[in-house]
Amino acid sequence: MAGTEPRPRAEVDAVVVGAGPNGLTAAVTLARAGLGVHVYEAAATVGGGARTGELTLPGFHHDVCSAVHPLGAGSPAFHELRLEEHGLTWVEPPLPLAHPFPDGTAATLARSAEETAASLARGVPRDGAAYRRLVGPFLGRWDALAPDVLRAPLAGLPRHPWLLARFGLRAAAPAALLARLFRGERARGLLAGLAAHAIAPLGSPATGGVALLFALAAHEVGWPFPRGGSQALADALAARLRALGGRIETGRPVASLAELPPARAYLLDVMPEDLAALAGDRLPERFAARMRRYAHGPGVFKIDYALSGPVPWAAAECARAGTVHIGPTFEEIGAALRAAHRGVAPRVPFLIAAQPSLFDGTRTPDGGHVLWVYGHVPNGWRGDLTEAIERQIERFAPGFRERVLARAAAGPAEIEARDRNDPGGDIAGGRCDRLRLLLRPRPAVLPYATPDRAVYLCSSATPPGPGVHGMCGYHAARAALRRVFGGAPGE
């Protein structure tokens with residue numbers, strides 16, 4: 001029977017497979033408890049989805065996957081790990097987000113809720129008041145709310161049950177329902193763009209919660225990015241681990257736990273199907289089969305641009321924003337998401353764009369700029385969305401193509417080749433429709449644990465899901481500390 005054979009004496013306390021933000025956070029959490037930790041990473045560098053490289057021209061530094069990190073800046077785990085002591089510096093643009101419209105104006109998500117409400121009230125005054133009522137109860141409460149929201153929903157009592165319940169009443173709603181609070185296209189479009197980060201149809205449960213969480217993050221911690229690129233965040237995590245005595249071995253793919261040194265615990269920053277493959281007969285077949293059937297969502301088609309100058313946005317607000325959502329109306333964004341889920345590439349894609357070089361001069365040579373942009377496509381799609389993406393950008397930034405020096409396009413196959421945790425281009429760690437965002441990889445009180453008490457899943461396929469926040473790794477490591485190490489003492 002699986003898990004009954006005698007195990008070799010442990011050579012190390014814990015082994016972590018995968019050096020993405022979740023794997024590294026898990027490793028640091030264990031090392032802070034005084035444990036010996038060894039991390040194995042298949043790629044030549046740490047980072048997983050938080051890497052930076054010269055994808056187009058020499059001197060132009062692009063984020064390979066993730067770029068802007070509102071949940072990273074607001075992560076309870078990252079705050080606890082004091083990554084600023086290891087070189088991490090957050091860059092905060094004047095505006096977290098701009099959402100342009102064809103008339104040359106833009107709705108804005110600002111650090112100030114009042115400024116955001118004023119932007120949404122243009123032409124429809126009641127929408128400003130509706131926005132204030134939506135976010136008002138949670139302003140100034142991020143430190144209390146975030147730990148309860150960024151956790152497994154079934155994992156015991158929250159620290160602040162009444163605050164979480166109040167948030168949950170709004171957050172459980174589909175974005176399509178939450179949008180009924182607003183009358184104007186500015187507010188409805190902004191809400192849809194925020195909800196689209198879940199890569200789920202806008203009628204899916206909890207997509208309203210995704211929109212609300214991102215809005216609150218803008219007001220509480222901003223939508224910043226690491227100076228120098230996302231690699232700086234991964235490097236800070238790695239430096240923190242090494243300072244605690246942990247070891248990292250890169251360029252070391254792992255096909256089976258049997259290849260690894262004997263350890264008391266194994267934490268795997270991988271997708272569920274890879275968990276089943278790595279653990280082999282350590283897991284019961286029924287559980288392993290369920291992991292192999294784990295459902296993945298739509299992929300993305302991403303383009304990184306080297307530009308001769310800033311994007312020539314028609315709306316002046318866009319030049320002050322770190323992130324731009326390109327796709328004006330609730331209906332247009334919803335249609336693009338539905339198409340990707342139905343297995344059809346959207347004719348008019350909704351785009352999420354980041355322009356870090358406007359605010360971080362380390363990213364490009366003098367005068368140059370980088371633009372990071374992606375749209376949603378079916379999982380494993382093999383087409384080319386470049387023309388549709390550039391047509392959509394030109395719609396809000398006439399003359400954009402004239403500033404393109406070079407482009408690096410990556411469809412789902414290329415996205416997966418860069419990071420095995422993005423199968424078919426799925427950067428969300430699995431489907432997020434229905435309740436799959438909350439109850440992943442399966443409904444369980446402790447979704448990080450497996451039937452083998454020594455083996456844990458710590459990737460974005462566990463709660464709280466996608467995003468560069470490290471909380472999946474943090475919670476998995478805390479579970480291992482309780483179940484395997486008896487709650488090892490902290491630093």
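**Exercise 1. Strand burial and pairing**

How many of the residues of strand 10 (residues 263–268) are buried? Then trace the pairing that links strand 10 to other strands of this predicted model.

*Solution.*
Step 1. Count the covered positions. In strand 10, 5 of its 6 residues are buried, so the strand is mostly covered.
Step 2. Look for a partner. Strand 1 (residues 12–17) runs parallel to strand 10, and 5 bridges join the two. One contact point to check: Val-17 has Leu-268 in strand 10 as its bridge partner.
Step 3. Look for another partner. Strand 16 (residues 455–457) also pairs with strand 10 in the parallel sense, over 3 bridges. Here Leu-267 stands opposite Tyr-456.
Step 4. Return to strand 1. Strand 1 pairs with strand 2 (residues 37–40) over 4 bridges, in the parallel sense. Ala-14 has Val-37 of strand 2 as its bridge partner.

**Exercise 2. Two faces of a strand**

Which residues of strand 2 lie on one side, and which on the other?

*Solution.*
Step 1. Recall the pattern. Side chains in a regular strand alternate between the two faces of the sheet.
Step 2. Apply the split. Val-37 and Val-39 are on one side; His-38 and Tyr-40 are on the other.
Step 3. Check burial. Both faces are covered, and these residues are all buried.

**Exercise 3. Cysteines without partners**

Why does Cys-65 form no bond with the closest cysteine sulfur? Treat Cys-432 likewise.

*Solution.*
Step 1. Set the criterion. A disulfide needs a pair of cysteine sulfur atoms within 2.5 Å.
Step 2. Test Cys-65. The closest cysteine sulfur belongs to Cys-432, 13 Å away, so the pair is too far apart for a bond.
Step 3. Test Cys-432. The closest cysteine sulfur is in Cys-472, at 11 Å, which is again too far. Cys-432 is buried, with a relative accessible area of 2%.
Step 4. Conclude. A search of the whole structure finds 0 disulfides.

**Exercise 4. A buried aspartate**

Is Asp-127 buried or exposed? Describe the surroundings of Asp-127.

*Solution.*
Step 1. Locate the residue. Asp-127 lies in helix 5 (residues 125–135). The UniProt record, an unreviewed entry, places "domain: Amine oxidase" at residues 23–259. That span is 42% helix and 11% strand, and its end C-alpha atoms lie 18 Å apart.
Step 2. Check accessibility. The relative accessible area of Asp-127 is 0%, so the residue is buried.
Step 3. Find a polar partner. A polar atom of the Asp-127 side chain lies 2.7 Å from the backbone nitrogen of Gly-184.
Step 4. List contacts, leaving aside neighbours within four places in sequence. Asp-127 is in contact with Leu-120, Leu-181, Phe-182, Arg-183, Gly-184 and Ala-187.

**Exercise 5. Nonpolar cores**

Which residues have the most contacts inside the largest nonpolar core?

*Solution.*
Step 1. Size the core. The largest nonpolar core has 67 residues, and Leu-109, Phe-167 and Leu-194 have the most contacts inside it.
Step 2. Assign contributions. Helix 10 (residues 207–220) gives the largest share of this core, 9 residues.
Step 3. Separate the other core. Another core of 40 residues lies apart from it; among them are Val-28, Leu-30, Ala-234 and Leu-481.
Step 4. Inspect Leu-109. Not counting residues up to four places away in sequence, Leu-109 touches residues including Leu-95, Tyr-131, Leu-194, Phe-214 and Trp-223.

**Exercise 6. Helix packing**

What do the buried residues of helix 13 pack against?

*Solution.*
Step 1. Identify them. In helix 13 (residues 285–292), the buried residues are Phe-287, Ala-288, Ala-289 and Met-291.
Step 2. Find the partner. These residues pack against helix 12 (272–279).

Terms used. Residues numbered from 1 in each chain as written. Predicted model: local features only at pLDDT ≥ 70, side-chain atom pairs only at ≥ 80, totals over all residues. Heavy atoms only, no water. Buried < 20%, exposed > 50% of the residue type's maximum accessible area, 1.4 Å probe, protein only. UniProt positions renumbered as here; feature names shortened; annotations may be inferred. Polar contact = N/O pair within 3.5 Å; in protein donor to acceptor, adjacent residues only side chain to side chain. Contact = heavy atoms within 4.5 Å. Core = buried A, V, L, I, M, F, W, Y, C linked by side-chain atoms within 4.5 Å. Pairing = 2+ DSSP bridges.
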